[in-house]
Structure formats: C-alpha cells, structure tokens
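Trainee: I'm new to this one and a bit lost. Could you pick out a single part and take me through it closely?

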Amino acid sequence: MSVIKLLLAFPLLFIAFITSAQMPVLKVQQASDEQKNVVKLQALSIDVQITGNIATTVMKMTFHNSSNRILEGELTFPMPEGVSVSQYALDINGKMRAAVPVEKAKATEVFESIERRRVDPGLLEKIEGNNFRTRIYPLPANGERTIMVGYEEELSFNKSNLKYHLPLDYGQPIEKFSLKTTVFESIIKPELAEQPDGSFDLKARGNTYTGEIHKTNYQPKNGLTINLPKRNDLPEVQMQKASNGYYFLVNVFPQFKSRARQWSNRVGVIWDCSLSGLQRDTKKEMELLGLMIKQKQNLTIQLGLLNNGFRQGGIFNIKGGNWWALKDVLEKIVYDGGTNFSAINSRSFQADEYIFFSDGLSTFGKNTISLDKPIHCINTSLKADYSTLKHITLKTGGQFINLNVSSTNDAFKQLNQENLQFLGIKNGADVRQTYPSMHVNVNGHLAVAGILNGLNTEFILQFGYGSTVTTEQTVRLNATEHNLSSIDVSRVWAQKKIAEMDIQYEANKDDISVLSKQFGIVTRNTSLIVLENLADYLRYDIVPPVELRQAYEAALKQRRMENQERKANLLNAAVSMTKELKTWWNTDFNYKESVVKKEQYPTPEGITVSQDNVVTNAVRNNASRNERSVQAPPPPVSATGANLDDRHALAEVVVVGYGSQAKRMVTGSSVTLRGNNSINSEESLQGRIAGVSIGQTKAQKTVAPPQPVIIIPEFKSDKDYMKSLTGKPDSAYQAYLKMRPTYISTPMFYFDVANWFYQQKDSVRALTILSSIADLDLENADLYKTLAYKLKQTGNYSEEIFVTEKVLQWRPMDAQSYRDYALALADNGQYQKALDNLYRVLTQSYNSQIANRDQGIEEIVISEINNLITKHGGKLNTKEIDKRLIQPLPVDIRVVLNWNKNDTDIDLWLTDPIGEKGYYGNSRTKIGGRISNDFTSGYGPEQFMLKKAVKGKYKIEVNYYGDRQINISGPTTVTAEIYTRYATGKQQRKVIVLPMAAGSSGGSLVGEFSF
C-alpha cells in the first residue's frame, strides 16, 4: 500500500493561536497538482476558557482525505513565547484517545516501528525553538481523521488589560465550525476588541461571561480578541489541592515609575542575515532601531552580519540621529545561509553593548555567543527559540524583546528604560518551589506560581531596580477562603518551572524530563504519543491513558516474559563478525593476474590514463584544476634512488608488500600473487635477481607499489534552474538569488547550486548556499545527513561535527547516528572521541525492529575501529574496547556506501578487473572481495573490501531501488567513501555525494580506480 507524506511547511490547521497577520497555507509536498488539495479541514471546534491570567485553548479538528490513497500527516507549527502543548488526542475506532508522555527518542522509535504495521499511532513533539510537530498515520483514503490539541498560555499585559487573541483567518470556508469562550470570575466585564462576526457576544452569568457560535460552511471575517481589565490594588489567587499542600498562582499588578537608561556611545548591531531572516518582520525591527537612534542622536554603530559565518558590515558614525547610511545597508541585506551563533566573538567585534536581531535558531553551529558585554535580543519571528534568546540576555545583563506581542513603541519604552524587576519573596517559609525564582522584568503584571505547604500563609513580593528593593506587595493564601480554581494550576506551575529550567537546558534536561512526563507537557525531550491498542502499550512498555490503565496493570501481572522489544547490544554479533573477518583476511585466494581479463571501462572525459595505469603529466595538470580528481604521487624511491620504472630491467624481483600484504613476484611485466599472511610491514623479503642476492646488500631495491588513481565523475545536475548558472560566480550568484523564490523550500536546489559554486572554486559562496538547507526545516535528520555528506566531501569538518551531533540528538535510536558522528570526529582529528562513539554503536540498546534492520553494521564498524587503532593506537585509550574486537584488517580496497533516508533500499556494486560484479547476490568474489550485509531499509551502510587487489580497473556503481517516503527533504542522497590501502599507513580516500533520481534503475557510476 503506497504512502504519501503530507507535509504542511507552515501548516494551516493547528495554528489558530499564533499571532500572525497572515495564516499559513496547506501544502502537500512533492505531490501531483490534483493531490495538493485533497486534505481539507472539514470540522473545527474551539473551546476557550480564561481564568485570571491563564487561558486554556482546546481545538478539535476533523480532516477529510478525498483521495483514494492513504496519507500520513505531518504538521510543524510555532507556539507563542512560554506556551507548550499539554493536551493531545487522536480518534481510535471512533473514540478520542488521550496521548501519554514518553521520552522523545523512544516516542519517535515506537511511532516509526508501529507505522510500518499500517496501524494508528499519533505523535506530537517539540522541535527546535518553541516549535511543535505532530505526525498522524493513517489519514484513510476517502475518509476522516480527528485530532485534538490543547494548551495553556499566560496572557500578555498591556497598560491595564490582560489580552487574549485567537486568529481565525483560515482562507477558506469550514463545513462545520463552532467556537465557545468562557471567562470565569471576572469582576470587571471583558471587552471584545475583535470578534469573528456580529453574532458573537459575551453574556454575563454572575461573574462568568460566555460567548458561543455554531456555523456551517463558515469563513470567519476576523479573529477573536478579548481585553480583560485588571485592578492594580487587588491580587488574584488561584489554588488547587495536591497530595501534600496546595498549588497556587498569584497575579499582581504593581505600579511603578520607570527609570531612563543611558545608551552607550559605541553600540554593536548584530543582524541575522541567514535564510530564516526572510521570515522576520525586519521593517518592525528597523523601526525599533530607529527609535533608539533618535533618542540617542549621536553614537557609533558597528554592524555585524551573521549567517553561517560572521563578517563586518561597516562602522557608522551617526550625528544628529541621521542614520540613512546604515538604514540603506540594512535594507539591501541579502538573506542566505544557515545560522552559526558561535561565529561571533569579542575579538573581532567589540562594542560597549549589543543589539541582536534574530530568531534565536542557530542551525549551523552552537547557540553560544562569545561576547562579554550586555546583549539585547530582539525577535519578530514566529518560529523562534525563546529560551536561547533569554539565556543570552540573562547571561550578559541585556533585555529580551519579543516584538510579536508588543508594539514597537511599547518595546522601545521597555528597552529604553531601567525596568522594575521582581527581586524575590520575603517571609515565604511556608511556600516552596516558587517561579519565577530569578530576577525578571515587570511590566505592570507579575504571575507567581508555587506550592503552599499548609492551609494558609502570608508572604511579601519584593520589587526594585538592580538589587535595591523599592516597593513590596503582601499576598495572603488561605485555602479555606479561596475557592479552588477551575484551571489546572499544577500544570501552570510545571510550565513556569520548565520554562525557567529550559533556559539552561543541558544542565536541567533530566529534571525537565521527569517533570514533563508527570504533568504531560511536551518539551525538548518529552513527546505525547497515542497508540492503537493495549498490546502496543504493553509491547513498548508505555503506560496508557486512564481508560486503558486497569487492563494494562492486570496484563503486567500476568506477563512473565522479558521485554523482547530490546536487545542488549551488538557485542556478541561483533565478536563473531571479527572472527569471520579474520578468517576471510587470512584466506589465500591465490588468483593469478596472468589470467585476469583485460576488460576496459569508459574513461571520463578529460582523463587520460597510460597503459601502465599512470596518470600523465597533462592529466596531473588537469587534476590540479579539478578538486574531484586525485593526482597520482611521484613513485617512491628505493634505498639506491631508483624508481619504479627500474622494475622492467629486472629478470626476477621480490617486492616488499605493505602491512601484512601478500608477496608480489614480478618477472618483466607479469605479476604473480602468492598470499603469505605471516609477513608484516617490519619484515623484509629477500630474493634473487640474475644471481644478485636481494637482502642486506647494496644492490637491494625495495620497490613500493604505486598509489592507485581514484577517478570519480563530476556530478552535474540536469535541473532547469542550472541553465541560469553561467559566467563568473558574481553574476551566477545574482541568478541564484533571482531564481530562489521559486525553489525556496526545495533542498536539492541549494545542493545543486552549491555544488556548481564548489566546482567554480568559490567555496565561500558554496558553503553559504549549502548551509541554507539547515534553515529549511526544523529537526529534519534527512536534510542534516545530506549536509553532513557534503561537508565531509568538501573538508568542512568542524561543521560536519555539529551537523552529525544534531542528528545524534534527534535520532539516538539509530546505530548510524553514532557512526556518522564518530567519523566526523575522526575527520576533525578527535580520535579518542571517535573511537568511543564507534564503540557505542556496538554497546547501545536497540529495539528488535531496528536491530534487525541494521543487522550487519558491526562488520563496517569493526573495520573502522581497527583502522583508528592501527593509525593512532599510541594516542588512544583502548581499555574499554573488548579485546576480542581488536584485529588489524589492512586491505587494498574499501568502499563504503551510506544514504540519508530511512526505509530505503540501495545496493553497492563493484566490478573488478576480471569482470566479476560484487553485490548482495554475489557477496564473495573470486579474487577475494566481500560485500557486507544487504540493507533493504534503514540508512545502510554497505561495504566492499578486498585484501589484495589484482592489477587492472575497478568500477563502483550504486543501484537505487527506491524509498518509501516523499517529503520536504527531497530525493535520497548517497555518499560513497572510496579508500585504497585502507589501514596500511598509505591510505587515501575520495568522497562523492550523489542525489538519486526517482524511478532510476540500473547502476549509477560512482567512480573507478586502477591498481
């Protein structure tokens, strides 16, 4: 049964709570035109409940799939600052089933495992920044699917009102639409600042106000905006009974007088000009900057431009508030590339304070900034990492401004004044775990949540500037006087605690996980999952929702078998594989080159190889111009200074092999192989040449074999947009920018264009364009794997480490994630960490489905572990490595194939000089080549190894059977690493990255080389 992934890049359906002027549009990525509108929102029911400063919004949505194909839904949507999803449910057999919290990695692993069985899992997870993604399978052919999403949010305060806003601009009629809004315990009547149409109104029932509408084929004209007036002399208290004490939430509205702050004379403006900058409201940002300049009048601004790197944008001496020169530069900025916060440092960019305009998402480098002066962070993007921006400001003493929830004038007032701050609690012995627990700015309103130990107490909230208390407000908590709240105060408390801990996520991630699972809140490391039946909850050891809990607990008592869904590790398989590899390596295949078939393969254009397989000088010159061709080194010189050509003058000579290689007996131009595994690189061989002893004599000639020449074809995309890339790089870059809006969300567009610039030797532009892929989608492992392959090929090893480490964070359930990260570390010279992570591949716990999918990966990892030990053993601590795995395995040829997508079947083919093709159906060749296990799903890898190469040409091909997914990450991308003389001390490597065309069949040429 075919599956199409439904991708909603900026989804329409889950984001009615986002304060956006324009609603996103539903998209079906990579589907035919007639399929792009097959899924529509058929019914929408919204329930809003407001108590105090907390609004709970629950949205129930029914989707109709009008196609005759099963679809999978995937939506990515941003949330406002401080808001997290806490309710999620999916219809199972006609009834809504609530989701339960699970560790994020486990939830992904379980979802993908169940998905293959074509049953009904649902998954909601938090991804980079304050963005969320839900995955639903299946959306039945010509059928419906219903989901429910709910969240609590603290309402923003402006002057004397709390404000609730719900955008409803869906762009098309909804067959069934209903909206109900309830405001509880409001002393002053709420005001409707905006409503869907004239029929909606709030009616009073005591201190509770309710409004409700039900419509068919309805398209709201406006959103819903409610202002809730508040008195500053009256604290509001909400309480909820707990097993030990009470959770409480206190709202106070302190009066304060602002203090004007003095701007420095030397200000640094950091402008995020990465691709994601196109999603920011830069006009609003420049208005804010203009207000600051107008107030200061005379100052010096140093401009820094940040994307995948950091560069100076100029120094502007502003007099009398005239900043037209700076404004002109900002208006002409080109937004391109990924984002790397770690590229900023004080050595190259010095100022007395900084203003940083960014969404907080560092997609191409660590999210740390090495500046030691105050940094004020300004955000206008809906897709933002609020925690990172807040952490930067708190660490440096700056302010965070979220222009999504305030006007430019209000934001400037906040930025241009020394704000009143909440400094802490006095006489609070009977309360604990109060949040916020740090100094925070107070803009007329503060909400404090905590736990009351007894029945009642009284404490004092302190406010002031810096560390000086200037005002206090007394709060009284009395459980016998206060009616218990209708809202879940405990969950509000948990969200406030998590939001504060998330500012320093790495230090608090374990506590965040415990808290989020207890209160059912989606966080960076906890997701919400819905499974179809009790058996699945039991199978994957997930506690089900309440309606299945009793049956679940009863089944646990009856079950006496161990959980078969997990395997301890791959060590036993690795030990067995090491023995098998040792046996293979010690086998003498005794294949004579004299009977080798002299099969010739087509030579790529521009490459000329002599009959002796030596690249000519003309070819060497050409190779120096082409970074994809490997130049053959000069032949090694013997002790007497003779070169390899002298071998033709010998009647009989014994040539020393390398490592533990077999002997080569050379007579004239003929070569005979004789395997001898007892000889190592320290031993010398002796023979006779026309009566001359070859040993410890002056006539000895030690002749090393020539380096093989690896030739890989230059990949050139045949897409239409490539026709516009002509001439010099400057004009080609302008052509790229002109075309980009058409292909803005197409990853292969950036890959192909970057590849063209690499071929033109413009590596700076190439890397910027390539890094844009990181800004296209959040937490997309497929895209990041493609990035990692190209970064490896182009030698950008530090960036390769960052990218592969991100994939490991997102997908720790995959063996390939550890391996990719380890090899990136090795590329960057971090050999101990590389060894440790390679060994982790073999010691991790995997579920049975993944263990079966990746069966045989230990063969590849064993070779790589031993290669590291062979090359860098003196610098490595191998005490933790099982000694049974340490077995030197030097080989003449090693080719490894990887790919970026799960559920993909790709085969490695290698045709040797006698014309025999090694592949999964012929995994052991006559001359001793071996192909590793065939991976028909997962990410690979597949490997070919040959201990002793026979003379002639070798051809490498890849056969792409196809994958079972279509999504924003584009076509499957493969990378091949071609090694000669692997683990011998004379190793050379060539890397090629190739996108696979859908529907292609037969082998695609990867490269060839000669021995």
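Mentor: Here is a close look at one residue, followed by a few backbone spots in loops.

Keep in mind that this is a predicted model. Let's start with Ile850, which sits in helix H19, a stretch covering residues 848-853. Is Ile850 buried or exposed? Its relative accessibility is 5%, and buried means under 20%, so Ile850 counts as buried. Now, what does Ile850 touch, once you leave out residues up to four places away in sequence? The answer is Glu109, Met813 and Asp814. Try finding Ser113 as well: Ser113 is 737 residues from Ile850 along the chain, yet their C-alpha atoms are 8.3 Å apart.

Next, the loops. Go to the one between strand E28 (421-426) and E29, where you'll find Asn427. Asn427 has a phi near 60°, which is positive although the residue isn't glycine. With 55% relative accessibility, against a cut-off of over 50%, Asn427 counts as exposed. Glu185 also has a positive phi, near 50°, and is likewise not a glycine. You'll see Glu185 in the loop between strand E13 (174-184) and strand E14 (191-194). At 57% relative accessibility, Glu185 counts as exposed.

Two prolines are worth a look for their peptide bonds. Tyr435 and Pro436 are joined by a cis peptide bond, with omega about 10°; Pro436 belongs to the loop between strand E29 (431-435) and strand E30 (440-441). Gly940 and Pro941 are also linked in cis, with omega about 5°, and Pro941 is in the loop between strand E46 (930-931) and strand E47 (942-946).

Key:
Residues are numbered from 1 along each chain as its sequence is written. This is a predicted model: local features need pLDDT of at least 70, side-chain atom pairs count only at pLDDT 80 or more; totals for chains, interfaces and linings use all residues. Side-chain values use heavy atoms; hydrogens and water are left out. Helices (H or I, at least four residues) and strands (E, at least two) are DSSP runs, numbered from the N terminus. Buried means under 20% relative accessible area, exposed over 50%, partly exposed in between (1.4 Å probe, protein chains only). Contact means heavy atoms within 4.5 Å.
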